[in-house]
Every structure is written in C-alpha cells, then in structure tokens.
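Open the model in your viewer and keep the sequence panel visible. The stops below say what to select next and what is there.

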Amino acid sequence: MNVVRVRLLCTLLATLVLPGMAAAAPPPEQDAKVTQSKAFLASHPDLRLRQKGLQALKQDRADQATHWFQRAAWYGDKPSQAMLAELYWSGHGVAVDRPRAYAWMDLAAERGGPRALAKRELYWSQLSAGERERARQVGRPLHARYADAVAQPRQERQMRASRVQATGSHVGYVGTMGVCMRGDHAVDQTRIINDTCSSSVEGSRYYAQAHWSPTHYWQAQDAELERSLSPRVDIGREQALPAPR
C-alpha cells in the first residue's frame, strides 16, 4: 500500500465523521447541523477524536493522527481502528509494522463486516510465519483494551449521561422541546431565560435514535466502515480504440 492509497482512505473516512443515518433519521441538512455541533461532539468522543485524526492527516501530521485515532479507538470507533491498520501497514507517518497493522484490522473487523473481514484476511495472507506469531502477541493486549466488549460501554456511558443531563429525564423523553446548542452543551430551550440561542433544533432531531441509541449507532458505523473499504478501482492511461472496420 502506498501514500496515495492512505490518502484515498482518508478521503473516504472523512465521510465517516458523521455516522450514517438509520431508519427515520433526520433530513441530511438538519442532521449535519446537529452532528457537527460542539455540543454533539462533546457527547460523542469517538467522532470528535476521529475528526482530530483526520485533520492531522490532512495537515501531513500522520504521527499525531495515530495518536488521535488510537484515542477514538478507545471508544470503539471501528473506522479509526481501520485507519490505524492502514497507517501501520503502509508506514505512513509511522514505522512499518505489519503485525500491528493486522492486529488493528482484526479489531476493526470484529463485528463481521464482509469487506472488513476481507481486508483482514488479505493482510494475514501477506504475513510471514514470524509476523503472524508477532501479530498474535501484539493483538492480545490491543483486544484487551479496544475490543467492543470493553470499548463500546465507554462510548455508551458518554451518550447516556449527556442525554439524561440535557433532558432531565432518566427515560430520555424529549417530547416537543427545542434544543439550544451552546458551546459544549445542549440544553432544553425552555431553560434559557433572557438569552438568545445562536443555534437550535427540535429535540426529536437532536435526540434521534440514529445518534443516541447504541444499537442504531453501531449499525450506522458498521455500514459506513464497509463503504469506506469498498474495492479500489485503478484507472490506467487513456488509450485510443482501433478504428472500426
């Protein structure tokens, strides 16, 4: 894999800053207003940290990008785990480490997405016997820290705490309230007295299941990861066709 491929994946992953929408999700323009807000990203550290990693890559700071992607991976962010795999496999901004790359791709593929599994097996097929053994050794501590069993609850706790704090309801009922997004916080507009709100949306849009329900959230992330790992098409130089006889 070369630098061009890494940059291509970076471009694809840029679309993952916002998770794909599940059924009955808000319209795209409303959704972007929500998910790009500071308040939303403060409650979704996986997306916030992945965004920092992508920004570092765009600025040719791949060494810093690995730091941010690894922090996003702590919250179960599969796209960030796949990006770490690509960076270590290619040696883009870090020393080439194919066993470590495989271990990260193994984590990215743990939910069983066909393309993620195919990429993992492609890596494995290119490892030597010694590299495969080292991949097992490297993979064990990574799985202990970043596998879904331990990483997903971290992300879900963040979302759950933010939702309860904003709505004031342990069951998460939002009714018809409006949500004012001010800085790192989203609050019920009815609590805003003698103040203006520069950015607000309906509560039903801000708290759509696609953004806050763990089941919908992880399914959307899986779908976006699969799209980012779509087969690459190489286009050669243009050639003239022979004249018809």
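Start by selecting Tyr 146, in a model that is predicted. Tyr 146 has a relative accessible area of 4%, so it is buried, the limit being under 20%. Now add Trp 74, which is partly exposed at 29% relative accessible area. The two rings have their centres 6.1 Å apart and their planes at 80°, so they form an edge-to-face pair. Trp 74 sits in the loop between α5 and α6, while Tyr 146 belongs to helix α9, so the pair ties together parts 72 residues apart in sequence.

Keep Trp 74 on screen and add Trp 104. Ring pairs link Trp 74, Trp 104 and Tyr 146 into a cluster. Then show Arg 154: its charged end is over the ring of Trp 74, at 3.3 Å from the centre.

For a second charge over a ring, select Lys 52 and Trp 68. Lys 52 lies over the face of Trp 68, 5.0 Å from the ring centre.

**The largest nonpolar core**

Which residues of the largest nonpolar core touch the most other members? Select Leu 57, Phe 69, Trp 104, Tyr 123 and Leu 142; these are the ones, in a core of 38 residues. Next colour the helices that supply two or more residues to this core: α4 (45-58), α5 (62-73), α6 (78-90), α7 (98-108), α8 (114-125) and α9 (129-146).

Centre the view on Phe 69 and show what surrounds it. Beyond its neighbours within four places in sequence, Phe 69 is in contact with Arg 50, Gly 53, Leu 54, Leu 57, Ser 80, Met 83, Leu 84 and Leu 87.

A further core lies apart from this one. It has eleven residues, and Ala 39, Phe 40, Tyr 206 and Tyr 217 are among them.

**From Tyr 217 along α13**

Stay on Tyr 217 and add Trp 218. Tyr 217 counts as buried at 1% relative accessibility, and Trp 218 is buried too, with a relative accessible area of 7%. Their ring centres are 5.5 Å apart and the planes stand at 80°, so this pair is also edge-to-face. A search of the whole structure finds six aromatic pairs.

Move along helix α13 (residues 214-228) and select Glu 224 and Arg 227. Both residues lie in this helix, three residues apart, or about one turn. They form a salt bridge whose closest N and O atoms are 2.6 Å apart. Is each partner buried or partly exposed? Glu 224 is buried, with a relative accessible area of 11%, whereas Arg 227 counts as partly exposed at 47% relative accessibility.

**Salt bridges between distant parts**

Still in α13, select Asp 222, then Arg 111. Their salt bridge has its closest N and O atoms 2.5 Å apart. Arg 111 is in the loop between α7 and α8 and Asp 222 is in helix α13, so the bridge ties together parts 111 residues apart in sequence. Arg 111 is partly exposed, with a relative accessible area of 24%, and Asp 222 counts as partly exposed at 24% relative accessibility. Add Lys 78, Glu 110 and Asp 148 to the selection: with Arg 111 and Asp 222, they are linked in a network of salt bridges.

Now go to Lys 119 and Glu 86. What joins their side chains? They meet in a salt bridge of 3.1 Å, N to O. The pair links distant parts of the chain, with Lys 119 in helix α8 and Glu 86 in helix α6, 33 residues apart. Lys 119 has 12% relative accessibility and Glu 86 a relative accessible area of 3%; both are under 20%, so both count as buried. The count for the structure comes to 13 salt bridges.

**Zoom out**

Finish with the whole chain in cartoon view. Its secondary structure comes to 13 helices and three strands. How many of the 245 residues, as a percentage, count as buried? The figure is 47%. Of the contacts between residues at least 6 apart in sequence, 65% join residues at least 24 apart. Switch to a surface view for the last stop: the accessible surface is about 12800 Å², and carbon and sulfur atoms account for 51% of that area.

Conventions
Residues numbered from 1 in each chain as written. Predicted model: local features only at pLDDT ≥ 70, side-chain atom pairs only at ≥ 80, totals over all residues. Heavy atoms only, no water. Helix = DSSP H or I, 4+ residues; strand = E, 2+ residues; numbered from the N terminus. Buried < 20%, exposed > 50% of the residue type's maximum accessible area, 1.4 Å probe, protein only. Contact = heavy atoms within 4.5 Å. Areas by Shrake-Rupley, 256 points an atom, 1.4 Å probe, with all protein chains shown as cover. Core = buried A, V, L, I, M, F, W, Y, C linked by side-chain atoms within 4.5 Å. Phe/Tyr/Trp six-rings, centres within 6.5 Å; stacked < 30°, edge-to-face > 60°. Lys NZ or Arg CZ within 6 Å of the ring centre and 35° of its normal. Salt bridge = Lys/Arg side-chain N within 4 Å of Asp/Glu carboxyl O.
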